[in-house]
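Visitor: I should like to learn how the features of a structural model are read, one at a time. Please show me the general idea and then the particular case.

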Amino acid sequence: ENLLLVHDRTCELEARKQLDFLGAWADPFFVAGNLALIRSEVDLTGDTVVTSKARPLQGQSPYVLNLQLGWEALDAGHNVTLLYNVFGRRVVEVGSKGLPDVYEEPRHVLDLVAGFNLGDALRLNLRAANLIDHEVRATAGPVVDTRFRAGRSFTGTLVWRL
């Protein structure tokens, strides 16, 4: 008989600070961030085809860090935010029949988002995603299983409110 036990412990920290203490020029600027530290473990007992009977939960990073630097003109409805994200090594494919688990290695992501009100009915939203274009890499033991660059993307939308 097989038994699956999942253990999960999480600690999260989150903060946001206006930069107005630097002077009037910095009133519209802010920094924000959050950090999640996660310890997850899957324990399997009995006969199973998976190689690792004890491993982190598939898809769960041991940490996730998000940071923001933003500017907001709330009265005009304008905002610009630079967003940074990094996550820890995570299982993306559970190994079986002696093959090792496949891990996605940490990578850094930098995005820029902006929104501008263009009068009472129009809003322009812009997004530049994955500006660093850090390599996506997955490893199976010491072997690089997959490597590629996702590429950068740029989008813009014009919203008309009736």
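Visitor: Which backbone oxygen lies 2.9 Å from a polar atom of the side chain of Ser 61?

Guide: A polar contact is read from a pair of N or O atoms within 3.5 Å. In this predicted model, the partner is the backbone oxygen of Gly 88, 2.9 Å from a polar atom of the Ser 61 side chain.

Visitor: Where is the place of Ser 61, and does Ser 61 count as buried or exposed?

Guide: Ser 61 belongs to the loop between strand E3 (54-55) and strand E4 (63-73). Buried means under 20% relative accessible area. Ser 61 counts as buried because its relative accessibility is 2%. Leaving aside neighbours within four places in sequence, the residues in contact with Ser 61 are Ile 38, Phe 87, Gly 88, Arg 89 and Arg 90.

Visitor: Over which rings do the charged ends of Arg 89 and Arg 90 sit?

Guide: For such an arrangement, one reads the distance from the charged end to the ring centre, with a limit of 6 Å. The charged end of Arg 89 is placed over the ring of Tyr 103, 3.9 Å from its centre. That of Arg 90 is over the ring of Phe 87, at 3.6 Å from the centre.

Visitor: How many aromatic pairs does the structure hold?

Guide: The distance of the centres and the angle of the planes describe a pair of aromatic rings. The structure holds one aromatic pair.

Visitor: In what order do the four strands of the open sheet stand?

Guide: The order is E6-E7-E10-E11, with antiparallel pairing. Strand E6 (90-93) and strand E11 (143-148) are at the edges; each has a single partner strand, so one side of each lacks a neighbour in the sheet. From one strand to the next, the twist averages 30 degrees. Within this sheet, strand E7 (residues 102-104) and strand E10 (residues 136-140) are joined by three bridges in the antiparallel sense. Val 102 has Ala 140 of E10 opposite.

Visitor: In which strand does Gly 70 lie, and why does Gly 70 count as buried?

Guide: Gly 70 is part of strand E4. The same reading of accessibility applies: Gly 70 counts as buried because its relative accessibility is 2%. Beyond neighbours within four places in sequence, Gly 70 is in contact with Pro 28, Phe 29, Phe 30, Val 80 and Thr 81. Although Gly 70 and Leu 82 are twelve residues apart along the chain, 6.2 Å separates their C-alpha atoms.

Definitions and conventions: Residues are numbered from 1 along each chain as its sequence is written. This is a predicted model: local features need pLDDT of at least 70, side-chain atom pairs count only at pLDDT 80 or more; totals for chains, interfaces and linings use all residues. Side-chain values use heavy atoms; hydrogens and water are left out. Rings of Phe, Tyr and Trp (its six-membered ring) pair if their centres lie within 6.5 Å; planes under 30 degrees apart count as stacked, over 60 as edge-to-face and the rest as tilted. A charge sits over a ring if NZ of Lys or CZ of Arg is within 6 Å of the ring centre and within 35 degrees of the ring normal. Helices (H or I, at least four residues) and strands (E, at least two) are DSSP runs, numbered from the N terminus. Buried means under 20% relative accessible area, exposed over 50%, partly exposed in between (1.4 Å probe, protein chains only). A polar contact is a pair of N or O atoms within 3.5 Å; within protein, one must be able to donate a hydrogen and the other to accept it, and residues adjacent in sequence count only if both atoms are side-chain atoms. Contact means heavy atoms within 4.5 Å. Two strands pair if DSSP finds at least two bridges between them. Axes are lines fitted to C-alpha atoms, for helices over the stretch in contact, and angles run from 0 to 180 degrees between N-to-C directions.
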